[in-house]
Amino acid sequence: MTTELLFREDAYLRTATARVVAVHERGIELDRTIFYPQGGGQVGDSGQLVRANGERIRVADARKGEAPDSVVHVPDASMPRVDVGEMLTLELDWPRRLALMKLHTALHVMSCVVVAPVTGGNISPDKARLDFDIDMRLLDAAHIECETNALIARGVATETVWISDAELDARPELVKTMSVQPPRGSGKVRLLRIPGIDLQPCGGTHVANIAEIGAIRVLKIRSEGRRNRRVEVALAG
Ligand SMILES: [Zn+2]
């Protein structure tokens, strides 16, 4: 069952209503959602589902379902069961999601300061990291922090653009991430553009203007195997 992914059009939606379309051992599927399911290195959203009678169901995590573009809302254990067809009010754990959006967008900016193939990445609410295939001697925490924050200070609005699979195939330089290829098969690929800074395929949630990030600090840089150099950052302040 496909879920309408409301966060793709508007990452700032904190609440919505939706109908239950399936309940199974993994969790609850809805006809539409504001919950981002874990993917592309970004953790899944948490929040609440509110029944018409006021009962609240805590959603601990959101994961991709079996069908493309489907989302499974994973409730905490011992939560009341919901019924197929029932209408629910969705409430996102917004401070957590906003932190994820800031850190996620910050990684896009940082990937233009450290120019090297990206071999992995992860975004959690308190910190985020990118792994690069690069010589350790080329990584300097103060430099990365300073350059990334200088780009953030430009205060550029981000844009979502869609291109066809064929257009992406013709521009392989857009794909910086070696470990995560953009999803294919639907015929089109979503890109995040930060004008003058970055353009790359991404299905995640981003802030509308990079100024919202404020600034980042580099927590650490360390070697993770022969080819991997990990740069971990957090929001400053
Ligand atoms: Zn992204």
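**Stop 1: the zinc ion.** Select the zinc ion in this predicted model. Its protein donors are H104 (NE2), H108 (NE2), C202 (SG) and H206 (NE2). They lie 2.0 to 2.1 Å from the metal. Now check the angles among the four donor atoms: they run from 102 to 123°, and the site is tetrahedral.

Next, colour the donor residues along the sequence. The spacing reads H-x3-H-x93-C-x3-H. Pick out H108 and C202 from that set. H108 sits in helix α2 (residues 94–110), while C202 is in the loop between β13 (198–201) and β14 (216–223), so this pair ties together parts that are 94 residues apart in sequence. Are H108 and C202 buried or exposed? Both are buried. For C202 the relative accessible area is 15%, which is under the 20% cut-off and therefore counts as buried.

**Stop 2: the cysteines.** Select the cysteine sulfurs. How many disulfides does a search of the whole structure find? Zero. Take C146 as an example: it is in no disulfide, and the nearest cysteine sulfur, that of C112, is 16 Å away. C146 is partly exposed, at a relative accessible area of 49%.

**Stop 3: the second largest pocket.** Move to the second largest pocket, with a volume of about 170 Å³. It is lined by 16 residues. Select E9, A11, T158, T160 and H206, the lining residues closest to the pocket centre. H206 has appeared on this tour already, as a donor of the zinc ion.

Then show the secondary structure around the pocket. Elements giving two or more residues to the lining are α1 (6–9), β11 (159–164) and β12 (188–194). Which element gives the most? That is α1, with three residues. Colour the lining by residue type: six residues are nonpolar, five polar and five charged.

**Stop 4: two positive phi values.** Finish with the backbone. Select D69, in the loop between β6 (56–64) and β7 (71–75). D69 is not a glycine, yet its phi is positive, at about 60°. Its relative accessibility is 36%, and D69 counts as partly exposed.

Now go to S78, in the loop between β7 and β8 (87–92). S78 is another residue other than glycine with a positive phi, near 60°. Is S78 buried or exposed? At 77% relative accessibility, S78 counts as exposed.

Note on methods
Residues are numbered from 1 along each chain as its sequence is written. This is a predicted model: local features need pLDDT of at least 70, side-chain atom pairs count only at pLDDT 80 or more; totals for chains, interfaces and linings use all residues. Side-chain values use heavy atoms; hydrogens and water are left out. Donors are N, O and S atoms within 2.8 Å of the metal (3.2 Å for Na, K and Ca); water is not among the atoms, so sites may look incomplete. Four donors count as tetrahedral if all angles lie between 85 and 135 degrees; four count as square planar and six as octahedral if opposite donors are over 155 degrees apart and all others between 65 and 115; anything else is irregular. Helices (H or I, at least four residues) and strands (E, at least two) are DSSP runs, numbered from the N terminus. Buried means under 20% relative accessible area, exposed over 50%, partly exposed in between (1.4 Å probe, protein chains only). A disulfide is a pair of cysteine sulfur atoms within 2.5 Å. On a 1 Å grid over the protein atoms alone, a cavity is a set of points where a 1.4 Å probe fits but cannot get out, and a pocket is an open set with protein on both sides within 12 Å along at least five of seven lines; lining residues have an atom within 4 Å of a point. Grid points are joined across faces, edges and corners, and a volume is the space filled by probe spheres set on the points. Ala, Val, Leu, Ile, Met, Phe, Trp, Tyr, Cys and Pro count as nonpolar, Asp, Glu, Lys and Arg as charged, and the others, Gly among them, as polar.
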